[in-house]
Amino acid sequence: MKRITLFLISIPLILISGGSRSGNIHASSAFSLHTVPAVVRINQIGYLPAGIKVAVWGGPGGVTVKEFRLIDASNGKTVYTGKAGKSFGAYGPFGESYRLDFSSFRTPGTYYIKTSSAKSPAFRIGTDVYKGAADFCLRYLRQQRCGFNPFLKDSCHTFDGYTLYGPMPDSTRINAIGGWHDASDYLQYSTTSANTVYHLLAAYRDFPGVFGDQHAASGLSGANNTPDVIDEARWGLDWLMRMHPQSDWLFNQIADDRDHRGMRLPKLDSFYGRGFERPVYFCSGEPQVQGVKYKKMNRSTGVASTAGKFASAFALGHTLLRKTDAAYADSLLRKAYSAYKLGVEKPGVQQTASVMSPYIYAEDNWTDDMELAAAELFGVSRDMKFFRDGRKYAAMEPVTPWLGKDTANHYQWYPFVNPGHFELAKRTSGDARKELTQYLADGIEKVKRKAEKNAFYRGVPFIWCSNNLTTAFAIQCYWYGQLTASRQYAELAQANVDWLFGCNPWGTSMVYGLPAAGDTPVDPHSAFTHICKYPIDGGLVDGPVYGTIYGNLIGIKLAEEDEYAAFQSSLVVYHDDYGDYSTNEPTMDGTAVLIYLLALKENEGLTTEKATPRPAR
């Protein structure tokens with residue numbers, strides 16, 4: 001019998017919005033009261049020898065843990081005994097919880113943790129535990145390709161598209177073929193795509209040694225003397241250039257929520273009244289439709305939120321490709337300047353459009369996008385004007401607004417991390433560097449104050465796409481460490497990495513197929529898996545949501561018995577079930593940000609660990 005536990009925890013109502021990953025919801029939930037089993041949760045990928053190594057014990061109220069043992073899985077011998085430390089009390093399904101810290105143990109091997117009441121799965125300690133993880137997640141992006149799809153070895157959406165809201169007559173034909181599908185639907189958004197391109201490029205720039213070359217530019221198998229991560233970034237850059245075809249034209253999205261009429265493979269859609277063509281929405285900088293029957297318009301005020309993302313992706317693309325493809329890189333730079341100019345001329349946000357429902361990507365901030373664009377253009381040109389612009393934009397939003405909060409509209413503060421602070425700070429010194437670095441610290445501290453109250457060291461809110469926020473926040477902690485040579489937030493950063501790979505109430509990884517032998521998603525909200533049983537290797541699912549969100553969601557019906565029923569709670573819910581679109585849908589941009597984080601972790605294993613002496617057992 002699967003059991004569910006209730007602990008009454010006061011949580012604010014959560015407001016979120018979106019499309020396939022969407023819904024404006026005020027909700028409450030109730031769970032039956034049962035006893036939760038005692039468990040030890042670990043990072044299933046493993047731990048770096050010189051890194052932070054913490055597991056979490058959770059169990060029924062009234063049970064105490066004094067110490068734990070680390071046991072060599074090869075021979076059953078205890079190699080380390082540690083104190084459990086203080087109880088963190090109730091969290092989610094658990095009545096008691098403890099952090100089990102074994103960071104001082106550094107010997108590579110395969111181990112498990114045992115207490116008097118629970119035993120963990122086996123895990124590895126080693127410098128190579130993250131090896132290949134970033135490349136593995138590129139599989140999901142290749143599978144999300146629009147136009148020619150190398151996974152299906154077929155093409156889709158080859159008639160895109162016809163324009164709306166532009167200076168040209170509506171229904172003007174434009175070539176917008178390519179890019180990636182946003183999630184398990186087939187909409188395409190410029191903002192999420194540009195953010196994806198930027199993080200792929202930044203991952204290669206910062207950690208080039210971790211990426212391999214096993215695929216051609218088409219995405220089909222076969223090396224082409226170009227790292228696969230650059231092939232994937234160029235696929236996105238090609239599409240972004242089509243979405244910015246001339247200096248005063250910028251497009252924001254392809255298709256709309258009419259897409260959500262049913263699950264199918266990405267062949268040919270005919271939902272839009274023009275045969276197989278789909279609408280391509282222009283960045284008008286003015287309100288656009290937000291659910292016809294609701295008689296609403298979105299709150300668009302400008303184009304800078306989109307233009308800034310284009311400009312930063314183009315500028316970084318130029319920087320990385322100018323030695324290998326000068327003509328292409330020059331085209332990227334011209335488009336970076338023209339996109340930045342549009343952002344300066346039309347400050348504000350360009351929100352997405354919807355037709356059937358009122359749910360959209362309700363982005364409300366734009367100065368972070370222009371700050372990053374200014375930072376990258378400063379890196380290319382060394383023109384101090386861009387540096388001054390960047391600092392001005394940075395001061396307008398020193399802390400990404402979701403940090404420390406419990407509520408947000410869907411994608412309201414996007415992207416979920418501000419690379420602009422990091423990029424500007426590393427290109428300067430003195431007071432400017434200190435100021436920009438402090439902005440990062442101020443945001444981290446807001447989350448840290450919440451995290452210190454629970455054993456999972458969890459301060460990221462359980463709103464829609466919580467895994468995307470988790471990934472982005474871990475990167476922000478690491479960036480602060482790189483700027484300051486400080487390990488002040490190392491434990492907090494690692495706790496967020498550990499959460500993604502199993503150190504969470506459910507004991508599951510949030511990435512399809514990673515690690516290969518672990519507990520990972522098998523039944524995500526995806527047409528590929530649901531219709532054809534295709535694996536979606538490397539896809540990061542949306543992640544847990546507050547019980548208050550889940551309780552009144554419309555249209556959720558679990559297809560199978562909940563294998564995690566014992567670990568659901570009024571605080572937070574997660575299901576590995578096709579029927580739960582709120583927690584188990586993979587996303588393209590979240591996966592791309594995860595690729596950066598995994599590249600960082602693999603690089604950490606390749607570099608800092610090599611010089612670490614190994615203590616005798």
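Here is a short chat about the sheets and helices of this predicted model.

Reader: Let's start with the strands. What makes S4-S3-S6-S7 an open sheet with edges?

Author: The 4 strands sit in the order S4-S3-S6-S7, with antiparallel pairing. Strand S4 (78-83) and strand S7 (123-125) each have a single partner strand, so one side of each is left without a neighbour in the sheet. From one strand to the next, the twist averages 35 degrees.

Reader: How do you know that S3 and S4 are paired?

Author: Two strands pair if there are at least two bridges between them. Strand S3 (residues 67-72) is joined to S4 by 5 bridges, so the pair meets that cut-off. The two strands run antiparallel, and Ile-71 stands opposite Thr-78 in S4.

Reader: What holds strands of a sheet together in general?

Author: They pair through backbone hydrogen bonds, either parallel or antiparallel.

Reader: Which strands stand at the edges of the sheet S1-S2-S5, and why are they called edges?

Author: This one is also described as open, with 3 strands and antiparallel pairing. Strand S1 (39-41) and strand S5 (96-101) are the edge strands; each has a single partner strand, so one side of each lacks a neighbour in the sheet. Direction ignored, neighbouring strands here are turned by 25 degrees against each other on average.

Reader: And how do you know that S2 and S5 are paired?

Author: Count the bridges: 6 of them join strand S2 (residues 54-59) to S5. The cut-off is at least two, so they pair. S2 and S5 run antiparallel, with Gly-58 opposite Ser-97 in S5.

Reader: On to the helices. How do you know that the length of H3 agrees with what a helix should span?

Author: Helix H3 (residues 228-243) has 16 residues, which at 1.5 Å a residue should span 22 Å. Its end C-alpha atoms are 23 Å apart, which agrees.

Reader: Why is H3 called mostly covered?

Author: A residue counts as buried under 20% relative accessible area. In H3, 13 of the 16 residues are buried, hence the wording.

Reader: Why are H4 and H6 called roughly parallel?

Author: The axes of helix H4 (residues 304-321) and helix H6 (residues 367-381) cross at roughly 25 degrees. Angles under 35 degrees count as roughly parallel, so H4 and H6 get that label. Their crossing is left-handed, and the axes come within 8 Å.

Reader: Which residues make the contact between H4 and H6?

Author: Among them are Gly-308, Ala-311, Ala-315 and Leu-316 of H4, along with Met-370, Leu-372, Ala-373 and Leu-377 of H6.

How values were computed
Residues numbered from 1 in each chain as written. Predicted model: local features only at pLDDT ≥ 70, side-chain atom pairs only at ≥ 80, totals over all residues. Heavy atoms only, no water. Axes fitted to C-alpha atoms, helices over the stretch in contact; angles between N-to-C directions. Expected span 1.5 Å × (residues − 1). Buried < 20%, exposed > 50% of the residue type's maximum accessible area, 1.4 Å probe, protein only. Parallel < 35°, antiparallel > 145°, perpendicular 65-115°, else oblique. Left-handed = near helix turned anticlockwise from the far one by under 90°. Contact = heavy atoms within 4.5 Å.
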